Amino acid sequence: MKQWTEAQKNAIEKMGTSLVIRATAGSGKTRVLIEKVLKIHREHKISLDQIIVVTFTEKAAWELKERLARALSCPLSELHSVPIGTFHSLAARLLREKGALLNLPAGWTILDEAASHIERLQTIQEGLISLLKAKEEKALYLTEFYGFQPLIRMFTKALDQPFRLIHDAKKEPLAHNFSEVLKNIITLYGERKRQLNLLDFNDLEQYAIQLLKIPSVHDHYLDDFKYIFVDEFQDVNPTQITLLHGLHHPEKNHLVIVGDPLQSIYRFRGSDASLFQTMEKTITNNGGSVLYLTTNFRTQADLIQSINHLFSSIFQKDYQPMTAHKGQPSLFPSGLDWILLKEKLSADKRRLYESKTIMDRLTHWHEKGYAWRDMALLFRTRTAIPHYKSALRKAGIPFRSQSETPLLECQEVLDCLQFLKIIAHPQDWIAWLGLYRSPLFNIPIETLWSHKEQYFSEKRVHIHNEPHKKTMDWMNEIEKNRDLCLPSELILSFIDWIENHSYYTSSQQRANLHKWYGMALSLERLRPLTLKNFLLNIEGLKDESHLLGEASLTASEDEAVSLMTIHASKGLEFPIVALPDLKFQRHSGPSPFIWDEEKGWALKTPDPSSSGLKTQWLKSPCYEEILKESERKDLEESKRLLYVGCTRAIDKLILSLDVSTKTKKDSISWNDWFVQAFVEKA
């Protein structure tokens with residue numbers, strides 16, 4: 001029989017009202033959510049088909065269904081129709097059931113992430129080129145000031161946001177022109193999707209909102225769904241809030257939101273921590289209750305005490321201290337493993353010193369009995385990860401890295417891309433150079449240079465090494481049949497070959513290649529693609545490669561230290577966590593445009609009084625206002641990101657702190673926050 005805390009029992013048993021469950025890190029909220037769903041189903045005789053459970057990822061939805069199936073002792077297949085999934089899957093369900101009322105054509109399909117990025121990028125590029133060829137004044141005006149590629153990036157980002165007329169459009173010709181061309185591109189993208197009978201993720205939510213505005217549909221779903229649960233509510237965006245309002249009415253059904261505003265770290269995806277407080281107020285104003293789960297079952301007591309101390313000063317009155325389930329804190333808490341740097345060093349020397357000392361601490365804890373897989377290095381951004389990979393190699397420590405590198409920048413995908421380029425153009429010597437250096441051949445650059453006449457010739461008679469000869473024969477055979485193969489089939493041949501010969505051994509590399517294969521399949525479903533057209537599509541993505549991340553992996557059982565960003569660690573836990581690079585402060589480069597949910601877009605404008613070859617830009621009052629608010633929100637999210645990183649640790653949190661200079665009171669550095677809380681006050 002499960003043991004529940006009083007707070008957990010109260011959350012499970014409280015019925016007949018909407019609820020806000022504020023669940024701190026490690027508080028067992030998923031177990032509580034599942035138990036509450038089971039209680040509603042078993043004791044209140046409400047069908048699972050009448051209970052919506054919204055999760056943040058499909059993986060979380062799948063795991064929740066598996067746990068429900070075990071609890072109900074039924075096959076997972078019996079829960080297929082139960083509405084458990086993401087907002088996108090919920091919206092798709094509504095549209096499949098009632099989408100005909102919006103005149104959506106039958107048989108529409110969902111444009112997945114990779115295909116959606118490519119379709120949008122192609123629409124923007126082709127649309128802008130078409131306008132420029134037609135000498136359309138607004139497009140010419142914008143391109144003259146911003147340049148073609150920066151303008152492509154601006155419109156790419158704009159298509160991710162609900163359209164708003166730009167705040168300064170009536171005053172500034174530049175802003176007005178941007179609005180008009182953006183409208184044109186949105187129209188083109190809509191037409192392109194209609195021609196292919198496709199909906200992207202934004203369409204799913206927007207059409208579902210339109211559908212729920214139809215009174216008969218709205219009433220139907222209010223009667224149909226008795227409970228709506230939303231897990232990780234701190235991660236929702238304004239569009240999803242609107243969708244929820246279409247499914248919930250306090251007099252008709254109950255809404256239960258579960259989450260922790262202090263773990264809202266996806267602002268770059270549109271989530272807004274303030275939406276949690278807004279919905280909380282709405283629920284309590286309509287007679288609902290707020291419950292707190294503050295017992296942490298993950299982290300040992302000494303470390304909980306230190307985390308409470310730090311974040312009580314960072315968040316002040318907004319922080320709800322956690323209670324440790326694992327024992328009582330000692331007189332001198334030992335959960336923090338300090339490394340103090342007292343000598344002032346350059347950034348490069350400091351990082352070198354820090355990486356070496358962190359390797360020493362990992363080795364120390366390994367010798368104390370912790371397995372390598374019990375340890376993780378969590379980073380604010382992925383830029384420092386290669387440096388620590390190098391340090392781990394030098395220390396002889398095994399590691400696995402989920403660095404969130406863009407898929408098209410992963411070495412194994414680049415190698416496959418070189419392979420495809422060679423199949424399409426056998427005399428592409430730059431592609432050959434890349435492939436020769438890959439694990440398929442692994443030929444040193446010195447050898448290639450000293451024998452370049454042999455390696456870069458049409459006949460390539462130089463291949464005498466038996467494994468190399470086999471690889472070359474395989475490639476020659478594929479080249480002969482290239483016109484009979486789809487790009488996805490060529491990629492699959494590459495994957496089969498490298499897996500049969502163990503050229504890429506890490507699970508991350510294999511997962512990335514299979515995601516790359518899936519991306520090709522997605523594009524082929526849209527329209528027939530030759531290999532050359534596929535390569536052109538991929539070439540068009542080069543400047544926007546950050547839009548497609550590498551494959552996600554579940555926690556590994558490999559005997560290796562994990563390296564990942566804090567964002568990627570969300571939902572995971574490790575006995576030993578190190579937070580490197582605490583001195584790092586993220587500085588975003590100057591952007592010619594900025595977005596705000598309420599105000600819309602604001603643009604920098606050229607300074608008419610500037611001289612010289614380089615254009616000087618002016619920030620409009622609206623731009624300045626949005627920028628100031630954006631910087632405030634970035635700082636608040638920085639605090640929450642640090643909180644998520646710290647609360648991944650079970651036993652020890654390794655910190656390398658620079659104490660060579662006195663900190664400033666208003667510092668925004670993670671390093672200084674720790675120093676102020678634990679070193680200077682001591």
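This report describes the overall build of a single predicted chain, then one of its sheets and two loop residues.

The model is predicted, so local features are held to a pLDDT of at least 70 and side-chain atom pairs to a pLDDT of 80 or more, while totals for chains, interfaces and linings use all residues. Residues are numbered from 1 along each chain as its sequence is written, and side-chain values rest on heavy atoms, with hydrogens and water left out.

**Overall build**

The secondary structure comprises 26 helices and 19 strands, where helices (H or I, at least four residues) and strands (E, at least two) are DSSP runs numbered from the N terminus. Taken along the principal axes, the C-alpha atoms fill a box of roughly 75 × 70 × 65 Å. The radius of gyration of the chain is 28 Å, which agrees with the value near 26 Å for a compact globule of 682 residues; this radius is taken over C-alpha atoms, and the globule rule is 2.2 Å times the number of residues to the power 0.38.

Of the 682 residues, 51% are buried, a term that stands for under 20% relative accessible area, with exposed meaning over 50% and partly exposed in between (1.4 Å probe, protein chains only). Among contacts (heavy atoms within 4.5 Å) between residues at least 6 apart in sequence, 76% join residues at least 24 apart.

The mean positions of the 87 positive and 86 negative charges are 3 Å apart. Here Lys and Arg count as positive and Asp and Glu as negative, without His and the chain ends, and each charge is placed at NZ of Lys, CZ of Arg, CG of Asp or CD of Glu.

**An open parallel sheet**

An open sheet is formed by 6 strands in the order 3-2-6-7-1-8, with parallel pairing; two strands pair if DSSP finds at least two bridges between them. Strand 3 (84–85) and strand 8 (289–293) stand at the edges with a single partner strand each, so one side of each is left without a neighbour in the sheet. Strand 1 (residues 19–23) runs parallel to strand 7 (residues 254–259) and is joined to it by 4 bridges, and L19 has V256 in strand 7 as its bridge partner.

**Two loop residues with positive phi**

S73 is not a glycine, yet its phi is positive, and N442 likewise has a positive phi as a residue other than glycine.

| Residue | Phi | Loop between | Relative accessible area |
|---|---|---|---|
| S73 | about 50° | helix 3 (58–72) and strand 3 | 71%, exposed |
| N442 | near 55° | helix 17 (429–437) and helix 18 (445–450) | 55%, exposed |
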